Amino acid sequence: MISGKRILLTVTGSVSAYKALELARLLRKAGARVIPVLTEGGARFVTPHALQAIAGEAVHEDLWSLAEEATIGHIKLARLPDLVVVAPASADFLAKMALGLADDLATTMLLATQAPILVAPAMNWAMWAHPATVANMATLRSRGVQVIGPGEGAMAEAESGPGRLAEPAEIFAAIEALLSPSPKPLAGKHAVVTSGPTHEPIDPVRYIANRSSGKQGHAIAAALAALGARVTLVSGPVHQPDPKGVSMVRVESAREMLAAVEAALPADIAVFAAAVADWRTAAAATQKMKKVPGQAPAPLELALNPDILSTISHHATQRPGLVVGFAAETENVIENATTKRARKGCDWIVANDVSGDVMGGAENAVHLVSASGVEDWPRLPKDEVAARLAQRIAEAVGG
Ligand SMILES: Cc1cc2nc3c(=O)[nH]c(=O)nc-3n(C[C@H](O)[C@H](O)[C@H](O)COP(=O)(O)O)c2cc1C
């Protein structure tokens with residue numbers, strides 16, 4: 001898979017940069033063309049001479065090179081590779097990528113490239129755990145940047161923890177996997193996914209909502225699309241970027257969400273990850289409700305919303321082949337999810353404990369409840385939960 005591929009290897013300012021030389025050697029041995037790019041920080045740790053000798057090709061370092069930029073070299077460079085690998089990726093460089101800065105050759109090329117990107121972070125454990133780095137990694141992952149490592153273990157500064165650069169052989173294997181044509185087991189299948197909260201109007205300016213961010217539902221839509229499914233994503237109001245290659249339907253209330261889901265049928269797969277409001281106001285005011293000084297507020301009368309999961313699970317003519325619901329619980333998670341599965345008539349329930357920082361957070365610890373029992377999954381980034389779930393769905397309904 002690697003032979004003949006053009007891999008742009010960007011080396012940044014980490015003490016582990018020496019391992020990039022071994023990676024370049026492995027890639028060349030496998031027949032790849034290695035195009036080396038060195039940042040200013042990277043050049044403090046490996047010399048351009050060493051990198052270009054091992055890569056077998058001139059190293060690119062300077063955005064302001066008169067010779068290269070006579071033909072707009074940074075854009076040419078961006079168009080060249082089949083894959084961009086940043087190894088090691090320093091905390092500083094990842095932050096620049098997340099912000100979309102373009103203040104040197106490597107960052108400018110990354111902003112201009114259409115090629116897939118793999119980063120191999122390497123830094124001290126405290127830098128890796130810093131909220132700024134955690135947020136930057138979440139941004140990069142949400143844009144489809146692939147990540148390998150970091151590993152855990154001894155560091156140059158005689159400390160230990162997560163942050164070590166993945167071994168060159170591991171990075172090589174990740175590159176090989178990314179360059180292999182990805183299987184599309186869900187090709188020809190239609191999936192409807194719901195995501196985010198719903199907003200139930202009280203009057204034209206106020207509404208009842210919940211804390212759902214839409215991260216998990218959007219990640220599931222993206223993961224199903226990556227496995228070849230045609231995906232309709234029905235989303236409540238969220239601040240998530242639209243996943244690549246899915247058809248978006250934006251709604252506000254639970255009733256609009258149900259109507260959009262029904263309009264999207266028939267589907268082979270339905271995943272209801274949205275946090276749909278159980279209740280709405282019985283009658284939303286058509287004008288803004290006024291505060292009258294000295295008067296108690298009028299009580300809000302609530303009405304039950306339609307149950308999307310149950311409605312679609314019991315659909316007389318167009319029940320999707322596999323219906324997956326979500327159960328956000330704060331106590332008796334598995335017990336409540338198991339009863340919910342039976343009551344709603346869906347096939348699987350993904351149960352999660354939302355008593356911590358799950359809603360809006362980057363990670364999720366879920367249990368998959370199906371007819372064959374309960375599977376406990378480890379705490380994982382939401383896009384990895386999504387990838388696992390999509391894989392399981394593909395095994396269940398894929399061709
Ligand atoms: C000895 C030494 C080792 C360093 N190792 C790392 C490292 O492993 N990871 C990291 O993120 N930054 C590390 N730094 C800090 C970066 O080199 C610094 O943030 C630099 O600006 C990054 O440049 P870049 O954006 O070109 O990578 C180290 C600095 C020194 C002096």
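These are short questions and replies on how some labels in this predicted model are earned.

Me: Why is I72 called partly exposed?
Reply: Its relative accessibility is 44%. Buried needs under 20% and exposed needs over 50%. I72 falls in between, so partly exposed is the label. I72 sits in the loop between helix 3 (66-69) and helix 4 (73-79).

Me: What is notable about the phi of I72?
Reply: Phi of I72 is near 50°. That is a positive value in a residue other than glycine.

Me: Why does N332 count as partly exposed?
Reply: N332 has a relative accessible area of 47%. Exposed would take over 50%, buried under 20%. The value lies in between, so N332 is partly exposed. N332 is placed in the loop between strand 16 (322-329) and helix 13 (333-344). N332 also has a positive phi, about 45°, although it is not a glycine.

Me: What makes L304 exposed?
Reply: The relative accessible area of L304 is 64%. The cut-off for exposed is over 50%. L304 passes it, so L304 is exposed. The residue belongs to strand 15 (residues 302-304).

Me: Which residues form a nonpolar patch on the surface with L304?
Reply: W279, M289, L300 and L302 join L304 there. Together the patch has about 510 Å² of accessible area. A patch takes residues with over 30% relative accessible area. L304, at 64%, clears that cut-off.

Me: How do you know that strand 1 and strand 2 pair?
Reply: Pairing needs at least two bridges. Six bridges join strand 1 (residues 6-11) to strand 2, so the two strands pair. They run parallel. L8 stands opposite I35 in strand 2.

Me: Which strands are the edge strands of the open sheet, and why?
Reply: The sheet has five strands in the order 2-1-3-4-5, with parallel pairing. Strand 2 (33-38) and strand 5 are the edge strands. Each pairs on one side only.

Me: What does helix 5 touch on the sheet?
Reply: Helix 5 (residues 91-99) packs on the sheet and touches strand 1, strand 3 and strand 4 (117-121). Its direction makes about 145° with that of strand 4.

Me: Where are cis peptide bonds found?
Reply: One joins A87 and P88, with omega about -5°. P88 is in strand 3 (residues 83-89). Another joins G149 and P150, with omega about 0°. P150 lies in the loop between strand 5 (146-147) and strand 6 (151-154).

Definitions and conventions
Residues are numbered from 1 along each chain as its sequence is written. This is a predicted model: local features need pLDDT of at least 70, side-chain atom pairs count only at pLDDT 80 or more; totals for chains, interfaces and linings use all residues. Side-chain values use heavy atoms; hydrogens and water are left out. Helices (H or I, at least four residues) and strands (E, at least two) are DSSP runs, numbered from the N terminus. Buried means under 20% relative accessible area, exposed over 50%, partly exposed in between (1.4 Å probe, protein chains only). Patches are made of residues with over 30% relative accessible area and no salt bridge: like charges are joined within 9 Å, nonpolar side chains (Val, Leu, Ile, Met, Phe, Trp, Tyr) within 5 Å. Accessible areas come from the Shrake-Rupley method with a 1.4 Å probe; for residues, only the protein chains shown count as cover. A salt bridge is a side-chain nitrogen of Lys or Arg within 4 Å of a carboxyl oxygen of Asp or Glu. Contact means heavy atoms within 4.5 Å. Axes are lines fitted to C-alpha atoms, for helices over the stretch in contact, and angles run from 0 to 180 degrees between N-to-C directions.
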